[in-house]
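Got the viewer open and the selection box ready? Here is a short tour, one stop after another.

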Amino acid sequence: MSIRRKVVVHVAAVVLAAWTLIPLVWVAIVSITPPNEFASRPLRFWPKVPDLTNYPRLLGREATSPSGKVLEPSGHSSLIVHGLINSAEVAVVVTAISLIVCVPAAYALARLNLRWREAGLLTIIATRALPPIATTIPFFALFSSLGLSGTRTGLVITHLTITVPLLVWIGTSFFASLPAGLERMARVDGCSRFRAVTKVVVPASGPSITAMAVIAFLTSWNEFTFALIFNTGSTAQTFPPALASMFFQVSVPTEVAAATCLGLLPPLLLAAVFQRYIRRVNFVGIQ
Amino acid sequence: MTSTATVAPPHTPSTTPRARFSSRISTNRFGLLLVAPVVLLTVVIVIYPVAYSLWISLTSSNPITGRSRFVGLENYATALGSGEFWRTLTLTLFYVVCVTVMGTVVALGSALLLREKFLGRRVLMALIVLPWALSTYAAAVVFRYVYSPQFGFSAAVSERLGLDPSNILAQGSVIPALALVHAWQFAPLGAYFLLATLQMIPEDLYKLAKVDGVRLMGRFRYVTLPYIRLPMAIFLVLIGGQAATAFDLIYFLTSGGPGGSSRTLSFFIYEETFQNQRLGSGAAMSWILLVVVVALTVGYYKVALRVGNRDMKEET
């Protein structure tokens, strides 16, 4: 590689890293800016006295500021803490149901010569084209008559409308990429159809199934539209609408930044840990 | 995609009675058994509600009594006859174009970069997953802090450069500014799967083209582009569809403002349905949105594939 090309490539790499990271790092910096330094002119890229008190205060604890003052817990702490707990519960249930339902279906659609296979796959994938705002309307009408508005169960149902087609789609392309004849070898060794799947195919697709689980969890944890419309203000409110209410109420921007960091940490960590698996998601596999 | 042979050999040795039983059920039955839960779930939680929303779009409900009556296509006629509807639809299309262009530039640029060898390549490859992991609502929250004229990163930078921190989310620039956030969040996905395709292009093709004196842009046009045409088309459809139906990002950053200058169709549907309590009208508009998205997607695929085929013929 010529020197010039090397320089261009490295500069581009720095630009891409900055583009990716600056927005995230900036929120984290705002969250540790003490109130007296916040928005003071000229704006500083790093606070003189970093102040971590927003975090314990949002989790409902007292905290001592760098100047030695004891601060009360944040007024928004119960909103945020309940939001985080509800989000975790909903996301775990959504992930479990999605996997139980989608892994077998994706396997069958990818590797068995089924009648109606193409039609079925197309129908399931086509549902992904539905605008979320369009599906909220019938659910709004149905949930008010079924009493499911403002419940975790209702939210799980709406999240499944997103995760199920998504996981069937990516799962099908995962299973299709496994070597042909994998099951036949197991069958020759005396396994039943069912055991061939559980003992051979599933273990061979560990990383793929992990990726499916991570994607289902992230999708549910980050889901905003349904959560806003159905669960705002209820006891089953998840983190995104909780953050929205804090955001649009009277609140301190540095505190909102800290709340944002708390809620974004789980998806960021999960994605960072499993990025190698997520990268294998092949959206081009189904043609 | 080919399905693998799963027909059992005639004398499968079986160890347990259960094995014998399940070996005997046909491939088709076994498959249907596995697919059944998804089919059932899709019918109950997707197809039924969607059908129900078609019904809602044909009714008009009274927000106070909650009673609704059948009005036929009136909601569609009202929507198509209203200036505001067309304004939001035009705005939506402008937004789609902005997001698609920015997202594609970033995704393709990242993919081309990540194909090169450089220090920290593996770290960068892992880093770019982060915006994707956040979803659009979280990206919007994060960019509130970047765009704010009082405490935003952009304000801090423009101060250093001696410029007045301007409001990026002002009327004139709000759509591109929102599109940038969307592109930031969605481009990593495109980068990953364009990269997967780029890595399949044989290195020799580039060497040959170089020997023949083909310049950088020419090598991109004649070597790279034919390979990535299909994944590109799929990425464009994905990101375009996402953009056309964007809601949470707009809700968080501008709530349709200032002065309705970022009121896209999705946001208009939200206001109409949940703020004005006109479910029928909202449902009708969301069906129109769906038809527009599907028509654009199908139209785009047709054009992209035809252009692709024509190029192939030219080259052979």
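Two residues are in contact if their C-beta atoms, placed from the backbone, lie within 7 Å. With that in hand, start with chain A: among its contacts with a separation of 6 or more, 69% are between residues 24 or more positions apart. Keep in mind along the way that this is a predicted model.

**Stop 1: chain A as a whole.** Select chain A and colour by secondary structure. You should find 12 helices and two strands. Walking along the sequence, the pattern runs α-α-β-β-α-α-α-α-α-α-α-α-α-α, so to read it, note that helices and strands are numbered from the N terminus. Fit a box along the principal axes and the C-alpha atoms of chain A take up roughly 75 × 70 × 35 Å. Chain A has 287 residues, and 48% of them count as buried.

**Stop 2: the two domains.** Now select 3-71 of chain A, which the domain assignment calls domain 1, and give a second colour to 77-278, which is domain 2. How far apart are the centres of these two domains of chain A, taken over C-alpha atoms? The separation is 31 Å. Where they meet, 13 residues of domain 1 touch 14 residues of domain 2 in chain A. On the domain 1 side, H1 and H2 of chain A each supply at least two of the residues. Colour that same side of domain 1 by class and you get eight nonpolar, four polar and one charged.

**Stop 3: a loop in chain A.** Zoom to Ala39(A), in the loop between helix H1 (3-31) and helix H2 (54-58) of chain A. Check its backbone: phi is positive, about 60 degrees, and this is not a glycine. Most residues other than glycine have a negative phi. Is Ala39(A) buried or exposed? It counts as partly exposed, because 15 C-beta neighbours lie inside 10 Å, and the buried class needs 20 or more.

**Stop 4: across to chain B.** Show both chains and select the contacting residues: 85 from chain B and 89 from chain A. Helix H2 (residues 27-56) of chain B gives the most to the chain B side, with 17 residues. By class, the chain B side that touches chain A divides into 58 nonpolar, 23 polar and four charged residues.

**Stop 5: a helix residue in chain B.** Finish at Ser135(B), in helix H6 (residues 129-147) of chain B. Its phi is also positive, near 70 degrees, in a residue other than glycine. Ser135(B) counts as buried because 22 other C-beta atoms lie within 10 Å.

Key: Residues are numbered from 1 along each chain as its sequence is written. Chains are lettered from A and ligands numbered from 1 in the order in which they are written. This is a predicted model: local features need pLDDT of at least 70, side-chain atom pairs count only at pLDDT 80 or more; totals for chains, interfaces and linings use all residues. Helices (H or I, at least four residues) and strands (E, at least two) are DSSP runs, numbered from the N terminus. A residue is buried if 20 or more other C-beta atoms lie within 10 Å of its own, exposed if 12 or fewer, and partly exposed in between; C-beta atoms are placed from the backbone. Ala, Val, Leu, Ile, Met, Phe, Trp, Tyr, Cys and Pro count as nonpolar, Asp, Glu, Lys and Arg as charged, and the others, Gly among them, as polar. Domain bounds come from an automatic or database domain assignment.
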